[in-house]
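Biologist: Please take one part of this model and look at it closely. I would like the ligand surroundings, and then the helix packing, in one connected account.

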Amino acid sequence: MSVREAGAGSSAIPVRTRTAPPPSFTLNGTAVSLEGIDPHETLLELARGQGYTSVKEGCAEGDCGACTVAVRQTFARGSTYRAVVSCLTLAGQLSGVEAWTAEALSPAPLPDGTVEDLHPLQAAIADGGGTQCGYCTPGFAMSLFAAYYTAPRPGAAPEGDPAGEVLAGNLCRCTGYRALREAATALAGAGVGRSGDPFWERLARPMPPHPSVSVEGRDVIAFRPSTIDEAIQLKIAHPEARIVAGATDVGVEVSRGGRRFPAFIMLGAVDQLRDIGRDDTGLRIGAGVTIAELKVWVSPVTLPLVHRLLPWFGSRQIRNRATVGGNLMTASPVGDLSVAWLALDAKAVVQARTGTRTVPISRFFTGYRQTVVGPNELLMAVRVPPVVVPPGGRRVEWAHKVARRDRVDISTVVAAFTVTLNDRGVVTDARLAYGGVAPVPARAARAESALVGASWDADGTAAARAVLATEFAPIDDVRASVSYRARLVTNLFDRCVAETSAP
Ligand SMILES: Cc1cc2nc3c(=O)[nH]c(=O)nc-3n(C[C@H](O)[C@H](O)[C@H](O)COP(=O)(O)OP(=O)(O)OC[C@H]3O[C@@H](n4cnc5c(N)ncnc54)[C@H](O)[C@@H]3O)c2cc1C
Ligand code: FES
Ligand code: FES
């Protein structure tokens, strides 16, 4: 076995040592070697290659859920099953991962063709008539599986629709959703504490450690460092390498777009990127925190604006992998969290070998899909400053996302506003951030200035609204016309004022 090092010019990083076992992951309880595997390969391809053909390809871009599998992963400091889309999970990310497909749920078919001991969720799908052609069914089953072994959080679902929350990332084109929704409603959390159930009991086992490893195919290598220092040194030594966090953006380039990279640096094992905490300078959210973890952490008290926005972010499968850092670094004009951070006056913490620097999000995006982060730097965290409200005053935090579907769709226009009012209901400070109306997420700076000193109601804000109407020059695209987007800019502002002007 070879020793692979980070490269000339950097301190040597033994990404694999002579004593380290070859990279592997566990699929349905059996170890699968990643030795010699092209790190671009997806978990979907690997699973099917192992004979687990329940894992289906529908869209190859994270939308349909036909490829959903469950992985056991550390989550909010425990171990849980999370539904993920295998079409966007790259082999280079898999070392040490435990993944489960629908084949694991029940014993092999008997010689007479029957199958006994269906898992309760399979029985619920079958009994309710929840399957027809069956193409989507294993993906639904694995979304239900993850929900079955996870205690539901009260109030976590948008509009009180827990079944929709579980299943939003799975599409069925022929059966309809009634039976599946009923199964989700009946079964969510039902497997928690089920003694004698090997899947439940497995959750008590410690997660395997995540040492630094590499997965090396022909002419391509994926490094998976376990510290930030290693990651930075690898970046310096391999400027051509693509950084990957959750791969919900990069994975689409690979899986759907067929893109090939000479090298990857996978950040999934860098625990220093996964902390969330509060101190005197506010809230610090590590770049590697997933959207699902953030969603558990935020509440109407801790971070109301983000709490309001996150239920509209992707699907469970996407939120389980997508990270806060990936969302900022992808620098999409409709990155939902980028817009939230702008409204919250957040700062990006950027790390180089020589130290860290802090950049306000308002100066973070330098152009379409471009950021201030240099080739030898990594995004470490986002910092949100504490909220200061004048005595007797109040703070308005509001967000809304307009998309063609209410879930699992990127925004047509997304708005996030923070407004501080004094004890007389007069605006002392305002941040109006929008996505989908400019090449980068942007603030309506002139309207913000016009709001200061205005009373926070429809009449008082009318002049600022008129300024806001001229602030952006949105473009036409497949999602919406110029005029529709322009209307949304002011309509979303009107809606915020209407909903929040009375305390
Ligand atoms: C079906 C689907 C639905 C989606 N829905 C939404 C949605 O509702 N709202 C939304 O905003 N987005 C959405 N997205 C986009 C995507 O999920 C998010 O942008 C996500 O946060 C990206 O995070 P990631 O960890 O997966 O990034 P990755 O794909 O791993 O990386 C994205 C980019 O960031 C870079 N990068 C990642 N981490 C770092 C770091 N620490 N330092 C430097 N560079 C880094 C990578 O090199 C890459 O260029 C959706 C995507 C899909 C496929
Ligand atoms: S194939 Fe559609 S989400 Fe993976
Ligand atoms: S049962 Fe046919 S696609 Fe869902």
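**The ligand shell and a helix trio**

Modeller: In this predicted model, ligand 1 is surrounded by 33 residues, the closest being G62, G246, G326, N327 and M329. Four elements give two or more residues each to this shell: the strands β8 (242–244) and β16 (378–384), and the helices α8 (250–255) and α12 (324–329). The largest share comes from α12, with four residues. Sorted by class, the shell around ligand 1 consists of 17 nonpolar, 10 polar and six charged residues.

The domain assignment puts the ligand in context. It divides the protein chain into domain 1, made of 25–32 and 40–202, domain 2, covering 274–384, and domain 3, covering 394–500. Residues from both domain 1 and domain 2 take part in the shell, so ligand 1 lies between these two domains. As for domain 3, its C-alpha centre is 39 Å from that of domain 1.

The helix packing concerns α2, α3 and α5, taken here pair by pair. In general, a pair of packed helices is described by the angle between the axes and the distance between them.

Begin with α3 (residues 137–148) and α5 (residues 178–187), whose axes come within 9 Å and cross at roughly 15 degrees. With angles under 35 degrees counted as roughly parallel, α3 and α5 are therefore roughly parallel to each other. The crossing of α3 past α5 is right-handed. On the α3 side the contact uses F140, L144, A147 and Y148, which meet L180, A183, A184 and L187 of α5. The class count for this contact is eight nonpolar residues, with no polar and no charged ones.

Next comes α2 (residues 120–127) against α5: these helices pack at an angle of about 145 degrees, and their axes are 9 Å apart. Here too the crossing is right-handed, with α2 passing α5. From α2, the residues P120, L121, A124 and I125 meet A179, L180, A183, A186 and L187 of α5. This contact of α2 with α5 has nine nonpolar residues and again no polar or charged ones.

The remaining pair is α2 and α3, which pack at about 130 degrees with axes 9 Å apart. That angle makes α2 oblique to α3. The passage of α2 across α3 is a right-handed crossing. In this contact, α2 supplies L121, Q122 and I125, while α3 supplies T137, F140, A141, L144, F145 and Y148. By class, the contact of α2 with α3 has seven nonpolar and two polar residues, and no charged ones.

Some residues recur across these pairs. L121 and I125 of α2 are in the contact with α5 and also in the contact with α3. In α3, F140, L144 and Y148 meet α5 and also take part in the contact with α2. In α5, L180, A183 and L187 meet α3 as well as α2.

Conventions: Residues are numbered from 1 along each chain as its sequence is written. Chains are lettered from A and ligands numbered from 1 in the order in which they are written. This is a predicted model: local features need pLDDT of at least 70, side-chain atom pairs count only at pLDDT 80 or more; totals for chains, interfaces and linings use all residues. Domain bounds come from an automatic or database domain assignment. A residue is near a molecule or strand if its C-beta atom, placed from the backbone, lies within 6 Å of it. Ala, Val, Leu, Ile, Met, Phe, Trp, Tyr, Cys and Pro count as nonpolar, Asp, Glu, Lys and Arg as charged, and the others, Gly among them, as polar. Axes are lines fitted to C-alpha atoms, for helices over the stretch in contact, and angles run from 0 to 180 degrees between N-to-C directions. Angles under 35 degrees count as roughly parallel, over 145 as roughly antiparallel, 65 to 115 as roughly perpendicular and the rest as oblique. A crossing is left-handed if the near helix is turned anticlockwise from the far one by less than a right angle, and right-handed if clockwise. Two residues are in contact if their C-beta atoms, placed from the backbone, lie within 7 Å.
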